[in-house]
Number of protein chains: 2
Amino acid sequence: MTVERHPTEARRSLGWLLRLPYAQLSERVYGGLAARGFPEIRAAHGAVFRHILPSGSRLTELAEAAGMTKQGMAYLVEGLTGAGYLESRPDPADGRARRIHLTRRGQAVMEALLVQSREAEEEFGRRIGAAKLARLRSLLEELAEELSPVRD
Amino acid sequence: MTVERHPTEARRSLGWLLRLPYAQLSERVYGGLAARGFPEIRAAHGAVFRHILPSGSRLTELAEAAGMTKQGMAYLVEGLTGAGYLESRPDPADGRARRIHLTRRGQAVMEALLVQSREAEEEFGRRIGAAKLARLRSLLEELAEELSPVRD
DNA sequence: CTAGTTTAGTCAGATGATCTGACGAAAGGA
DNA sequence: TCCTTTCGTCAGATCATCTGACTAAACTAG
């Protein structure tokens, strides 16, 4: 009568429990973005969109904020610039630097990202109920607060 | 008196809230593994360790369970085999197939993985309190339950 | 039993997402 | 005016995936 189960199946690790909803969320959000007319945007580009300021940001600032190397960030920015989502102009205050800005199309991505994210969250709410989702979010916020430095 | 903040900072997306603890957990777990004498093990190898059965598994089974292609899984298995964590022998029941097994060293990784994971979870518990962490885990379990198919 | 189909795994090649190291040019400080 | 630090780029490596094409073995209908 006992069914054979995978050894680790009984009690999933916290890592697994975090990763599963994260992966599904990402898939929805970025998949939805493609459907909304932004097919070049991939999850890795979130590192840019999450940190870029309306007034523009420097490459080094973005890299630092995202916790990656300048070269890694440069690779992402290059792709987004080529696809028309970003534009970079020399920084008038520093001859070595460039300021990276969202184009109008890039701003549209930001908005779509917020919409998709909210919709995905609502879908989760439909699964376990809004109250539980709110409780989950609040616990995650509390945990995030304690897990500083908020290197993302 | 108002401090300039990043626009999205006020209310982080659920994705961010899930990713931050996940990333820190992974870093602890796999970083700790290197310190425990398994320096070749990277986070991607979790796809193998999470799914391999004590009686051995086929490549195709592992790929299917992990939700990736056979080729992708083959790449991971190849690395682990070369480093002495896995070994594969022809499947007596099927001339096309091979059964992939953990070596003793591979089993040691499994154990270390459980230990590190538990320790990381306890550390989280120290941050927000055991009761809240338990509540968080339970909500995540509930969510995971609803987010089937449990493709991981 | 043979012919056709499906399955297990490999080979080759591509892309994406990172990293490290070395560098030139500009800025800032003493 | 040096010296040092910072900004960004160039070159190259590695890892983690993917798609497509293929062989050999196994299953399935006649």
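**Two protein chains and two DNA strands**

A base nitrogen of DNA strand D sits 2.4 Å from an N or O atom in the side chain of K70(A), which fits the idea of a polar contact used here: a pair of N or O atoms within 3.5 Å. (Within protein, one atom must also be able to donate a hydrogen and the other to accept it, and residues adjacent in sequence count only if both atoms are side-chain atoms.) The model is a predicted one, where local features need pLDDT of at least 70, side-chain atom pairs count only at pLDDT 80 or more, and totals for chains, interfaces and linings use all residues. Residues are numbered from 1 along each chain as its sequence is written, chains are lettered from A and ligands numbered from 1 in the order in which they are written, and side-chain values use heavy atoms, with hydrogens and water left out.

Now for the rest of strand D. Altogether 17 residues surround DNA strand D, and the closest are T60(A), K70(A), R96(A), R42(B) and Q71(B); a residue is near a strand if one of its heavy atoms lies within 4 Å of it. Sugar or phosphate makes up 61% of the atoms of DNA strand D within 4 Å of the protein, and bases make up the rest. Backbone atoms of the protein join in too: a polar one of R98(A) is 3.0 Å from a phosphate oxygen of DNA strand D, and one of G95(B) is 2.8 Å from a phosphate oxygen of this strand. At least two residues each of this surface come from α3 (59-66) and α4 (70-82) of chain A, and from α4 (70-82) and β3 (94-102) of chain B. The biggest giver is β3(B), with three residues. Helices (H or I, at least four residues) and strands (E, at least two) are DSSP runs, numbered from the N terminus. By class, the surface near DNA strand D has five nonpolar, five polar and seven charged residues. Here Ala, Val, Leu, Ile, Met, Phe, Trp, Tyr, Cys and Pro count as nonpolar, Asp, Glu, Lys and Arg as charged, and the others, Gly among them, as polar.

On to DNA strand C, which has 17 residues around it, with R42(A), Q71(A), T60(B), K70(B) and R96(B) coming nearest. Of its atoms within 4 Å of the protein, 60% belong to sugar and phosphate. Its bases are met by side chains: K70(B) has an N or O atom 2.2 Å from a base nitrogen, and R96(B) has a polar atom 2.5 Å from a base oxygen. A phosphate oxygen of DNA strand C lies 2.9 Å from a backbone N or O atom of G95(A).

How do the two protein chains relate? Chain B lands on chain A after a rotation of 180 degrees with 0.0 Å of shift along the axis (RMSD 0.1 Å), using a least-squares fit on the C-alpha atoms of residues with pLDDT of at least 70 in both. That is the relation of a two-fold axis. Both copies use the same surface, as 100% of the contact residues of chain B recur in chain A. In numbers, 44 residues of chain B are in contact (heavy atoms within 4.5 Å) with 45 residues of chain A.

Finally, a look inside chain B. L33(B) belongs to helix α1 (residues 14-35) and touches F38(B), I41(B), V109(B), A112(B), L113(B) and Q116(B), leaving aside residues up to four places away in sequence.
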